[in-house]
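User: I am new to reading protein structures and would like to understand the reasoning behind the terms. Could we go through some of them slowly?

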Amino acid sequence: MKIQDGCNSRCSYCVIPFVRGKSRSLPPNHVIAEVCRLSESGYREIVLSGINLGTYGRDLSPRVEFGDLLRRILDETPIERLRISSIEPLDVTQDLIALFASTPRIAQHFHMPLQSGSDRILAAMHRWYRSGHYARRVELIREQLVHAAIGADVIAGFPGETDEDHAATVAFIESLPFTYLHVFSFSKRPGTRAVSLPNEVPAKIIHRRARELRSLAETKCAAFHGAQVGRPLEVLTLRRASLAAGTSAASPGWTPALSSNYVQVRLSGEWPANQMLQARAVSAGPVYLNASPETSATFAVRQASQE
């Protein structure tokens with residue numbers, strides 16, 4: 001559900017401000033009404049999305065804080081799970097993290113664009129934080145949410161990126177508890193400042209660096225999956241048809257599901273889609289976490305007792 005569009009930043013590689021315009025927000029009453037409508041229609045998880053989600057409400061009069069909107073959604077709607085999409089690192093405040101930690105209804109999942117672990121490259125990108133600022137946000141999340149998913153976007157081969165800059169990015173990612181990465185190879189976008197920057201990185205070097213980052217991401221993801229084994233998880237079952245072609249037919253007896261902390265789960269048994277179930281992780285694979293349901297109707301029973 002898109003609640004914000006546009007961006008006021010001017011990152012040197014990004015064309016979004018030119019094509020989407022300035023940041024603008026959906027008024028909170030409209031957000032509440034739409035969440036209620038979707039929930040009443042049967043949706044059990046809603047993802048709040050935006051181009052620059054952390055700036056939500058700054059253009060409204062009176063100004064609305066993003067955290068206050070989340071609190072209103074929790075207080076005024078019956079939605080069972082709320083997830084947020086990408087959010088800039090400096091918008092991940094102690095107050096926001098505390099809100100996530102205070103309720104199981106907000107998915108324990110933060111996706112914060114990193115782009116580079118080199119402060120020199122971050123400055124060239126016109127990003128408004130440095131690696132130390134970013135690391136502190138990750139540390140604050142992990143202090144309160146031990147098993148939260150922490151993902152990042154990373155760009156390989158930005159103009160002027162040296163072997164030393166790339167090594168700094170790799171070392172930075174290795175030092176922090178990321179659970180997944182979205183790795184992009186730099187490509188020129190007409191109209192952006194990066195188009196005219198000198199010292200363009202050759203394509204074969206960009207591809208090599210991107211492969212190295214993706215390999216590191218796989219290692220991080222595997223470690224995170226391993227740490228989930230034995231833990232209870234609340235999972236939302238998905239449509240089997242949403243899997244890659246042939247996967248469902250080749251693997252009968254299980255159902256795809258998604259956990260609060262953004263783990264793809266293979267749930268034993270064949271379950272209908274859109275069921276919120278309690279499960280326990282039993283083993284970890286490179287892509288999926290294998291889990292078994294603790295009871296077929298745990299969530300429904302718990303909800304009934306609360307009502």
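User: What makes β6 and β7 a pair of strands, and do they run parallel or antiparallel?

Analyst: This is a predicted model, and in it 6 bridges join strand β6, residues 149–156, to β7, with the two running parallel. Two strands count as paired if there are at least two bridges between them, so the 6 bridges found here satisfy that rule. One of the bridges can be located by its residues, since Ala156 has Ser185 in β7 as its bridge partner.

User: Why are β5 and β7 said to stand at the edges of their sheet?

Analyst: The sheet is an open one of 3 strands in the order β5-β6-β7, with parallel pairing. β5 (109–111) and β7 (180–185) each have a single partner strand, so one side of each is left without a neighbour in the sheet, and that places them at the edges. Neighbouring strands of this sheet are turned by 15° against each other on average, direction ignored. Helix α6, residues 131–144, lies across β5 and β6 and runs at about 160° to β6.

User: Why is strand β8 called mostly covered?

Analyst: A residue is called buried when its relative accessible area is under 20%, and in β8, which spans residues 232–237, 5 of the 6 residues are buried.

User: How do you know which strands β8 pairs with?

Analyst: With strand β11 (residues 276–284), β8 shares 5 bridges in the antiparallel sense, and with strand β9 (residues 254–259) there are 3 bridges, again antiparallel. Because at least two bridges are needed for a pair, both counts qualify. On the β11 side, Leu233 stands opposite Ala279 and Pro232 has Arg280 as its bridge partner, while on the β9 side Val235 is partnered by Ser259.

User: What joins β11 to β12, and how do the two strands pair?

Analyst: A hairpin joins them through 4 residues, and β11 pairs with strand β12 (residues 289–293) in the antiparallel sense over 5 bridges. In one of these bridges, Ala281 meets Ala291 of β12.

User: How many cavities are counted, and what makes the lining of the largest cavity nonpolar or charged?

Analyst: The count comes to 1 cavity of 30 Å³ or more, and the space in the largest cavity is about 30 Å³. Pro159, Phe186, Lys188, Ala194, Val195, Leu197 and Glu200 line the largest cavity. Because Lys and Glu count as charged, whereas Pro, Phe, Ala, Val and Leu count as nonpolar, the lining divides into 5 nonpolar, no polar and 2 charged residues.

Conventions: Residues are numbered from 1 along each chain as its sequence is written. This is a predicted model: local features need pLDDT of at least 70, side-chain atom pairs count only at pLDDT 80 or more; totals for chains, interfaces and linings use all residues. Side-chain values use heavy atoms; hydrogens and water are left out. On a 1 Å grid over the protein atoms alone, a cavity is a set of points where a 1.4 Å probe fits but cannot get out, and a pocket is an open set with protein on both sides within 12 Å along at least five of seven lines; lining residues have an atom within 4 Å of a point. Grid points are joined across faces, edges and corners, and a volume is the space filled by probe spheres set on the points. Axes are lines fitted to C-alpha atoms, for helices over the stretch in contact, and angles run from 0 to 180 degrees between N-to-C directions. Contact means heavy atoms within 4.5 Å. Buried means under 20% relative accessible area, exposed over 50%, partly exposed in between (1.4 Å probe, protein chains only).
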